[in-house]
Amino acid sequence: MASVFLGINDRTYTYESTAARAEHMGAGVRYPIDFAMTEDEIAYIVNRGREDRPDGTRLTVFSLGEDGEEYISTFGSYGEEPGQFIWPMGITLDKNTNVYVTDEWLHRVTKYDQDGEYISHWGTHGSGDGELNRPAGIAVGQDDTLYIVDSRNNRIQKFTLDGKYLGKFGSAGSDNGEFNLPWGMCLDADDNIFVADWRNDRVQSFTSDGKWLATFGTPGAAGTPGTGGDCSNAVIKGGITYTNAPVGQFNRPTGVCVDQDGDIYIADWLNNRVQVLTPEGRFITEFTGDGHLSNMGVAKLKSNPDMIRQRNGIRNFTPERVLWAPCAVKMGQNNRVIIADTTRHRFQIYRKNTEPVVV
């Protein structure tokens, strides 16, 4: 099933709010690279942190409901001991709200309970069945199968919830069903698998047993149509101005999710945006950012008069609004689209309108 990108306009979205603020410790986030949502809109957030500030590498738990964000707790820390991680990458939850986190550096998966108490970990570095090399995206199917993006091995592996190997599919390459350093993944309502094929600048979908279904997108970066992997848009324009990359083209996509209607949301990382496609691959819209101060941001400003004076001198708020290298996107309740605005250390939240609105 080939993809086409013919624009349609029968869906509309509105910006709702911004959530969280930048903090290395405590009630904030630092480079939120992935997150997982419960049905009551509790978000378990992977904070990648920085190499020079390992205290920012942790998991935080927030309420991201319609009434605004609320910090709940923090767990996990930087290190190699049980319950710790070096390069945390992907996160998912099972039916009992146990938490599973992949670790790129330690080549393992760590499991916690819903309160952040360490349960177990598994993973051996290698390329054999059940071995991992830079695991990234992770998801749990309706039958409790655990799917893991085994990035450097260019494949998807399947495990039980306690780490027993079940199977695999995929190989290195650029043809349909092949991967080049895949990153994020998700499952739709039928447990079809969607994978952000990072270095191939596309998203692919598969059945739960690994049969290829579709490929979405081609390489493309702002100012350089038909080419991918150009970092200049993120480095030079990132956090400063809006992207002008061609629609339907991707520059190192990192995350993907599918809503109840089958529409596909793709974190187009180096193009500083999230693109939305129909189930057939037609372009619907893109989110490039509308962010304003979050409730947490306002509270911090109110506690610091110097920051208020500095903000009052700003004349161009575009840099505050735009997305900057977003890594993940998830669906919340009531058609809420939640984007991890990673390099801005926050979330931007939109709503898919169920009734026609004036746009």
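This report walks through a predicted model of a single chain, from its overall build to its sheets, pockets and one buried asparagine.

## Overall build

Let's start with the whole chain. It has four helices and 30 strands. The radius of gyration comes out at 19 Å, close to the 21 Å that the globule rule gives for 359 residues, so the chain is as compact as a globular protein of that length.

Along the principal axes, the C-alpha atoms fill a box of roughly 60 × 50 × 40 Å. As for burial, 57% of the 359 residues in the chain count as buried.

## A four-stranded open sheet

One sheet to look at is an open one of four strands, in the order 12-13-14-15, with antiparallel pairing. Strand 12 (135–140) and strand 15 (165–169) sit at its edges; each has a single partner strand, so one side of each is left without a neighbour in the sheet. On average, and ignoring direction, neighbouring strands here are turned by 20° against each other.

Zooming in on one edge, strand 14 (residues 155–159) runs antiparallel to strand 15, and four bridges join the two. One pair to pick out is Q157, whose bridge partner in strand 15 is K168.

## Strand 19 and its two hairpins

Strand 19 (residues 193–197) is a good place to look at burial. Five of its five residues are buried, so this strand is largely enclosed by the rest of the structure. Both of its faces are covered: I193, V195 and D197 are buried on one side, and F194 and A196 are buried on the other.

Strand 19 also takes part in two hairpins, one with strand 18 and one with strand 20. With strand 18, the pairing is antiparallel over three bridges, and C186 stands opposite F194. Five residues lie between strand 18 and strand 19, and in that turn D191 has a positive phi of about 65°.

With strand 20 (residues 202–206), strand 19 pairs over five bridges, again in the antiparallel sense. Here I193 stands opposite F206. The turn between strand 19 and strand 20 has four residues between the strands, and D201 within that turn has a positive phi of about 55°.

## The largest pocket

Now for the open spaces. The largest pocket has a volume of about 1,200 Å³. It is lined by 32 residues, and M37, E39, V140, L187 and M331 are the closest to its centre.

Which elements give two or more residues to that lining? They are strand 2 (32–37), strand 8 (88–93), strand 12, strand 18 (185–187), strand 24 (253–258) and strand 28 (328–331). So much for the where; by class, the lining has 15 nonpolar, ten polar and seven charged residues.

## The second largest pocket

The second largest pocket has a volume of about 560 Å³. Its lining counts 21 residues, with L293, G297, R311, E320 and R346 closest to the centre.

Helices show up here: helix 2 (295–302), helix 3 (305–312) and helix 4 (318–321) each supply at least two lining residues. The lining of this pocket divides into eight nonpolar, seven polar and six charged residues.

## The cavity

There is one cavity of 30 Å³ or more in the structure. The largest cavity has a volume of about 120 Å³. Of the 18 residues lining the largest cavity, D34, G184, M185, G255 and K330 are the closest to its centre.

Strand 2, strand 8, strand 12, strand 24 and strand 28 give two or more residues to the cavity lining. These strands also turn up in the list for the largest pocket. The cavity lining has eleven nonpolar, five polar and two charged residues.

## A buried asparagine

Finally, a single residue. N47 belongs to strand 3 (residues 42–47). Is N47 buried or exposed? Its relative accessibility is 0%, and buried means under 20%, so N47 counts as buried.

N47 can also be placed relative to M89. The two are 42 residues apart in sequence, and their C-alpha atoms are 8.6 Å apart in space.

Note on methods. Residues numbered from 1 in each chain as written. Predicted model: local features only at pLDDT ≥ 70, side-chain atom pairs only at ≥ 80, totals over all residues. Heavy atoms only, no water. Pairing = 2+ DSSP bridges. Axes fitted to C-alpha atoms, helices over the stretch in contact; angles between N-to-C directions. 1 Å grid on protein atoms, 1.4 Å probe; cavity = no way out; pocket = protein on both sides within 12 Å on 5 of 7 lines; lining within 4 Å. Points joined across faces, edges and corners; volume = space filled by probe spheres on them. Nonpolar A, V, L, I, M, F, W, Y, C, P; charged D, E, K, R; others polar. Rg over C-alpha atoms; globule rule 2.2 N^0.38 Å. Buried < 20%, exposed > 50% of the residue type's maximum accessible area, 1.4 Å probe, protein only.
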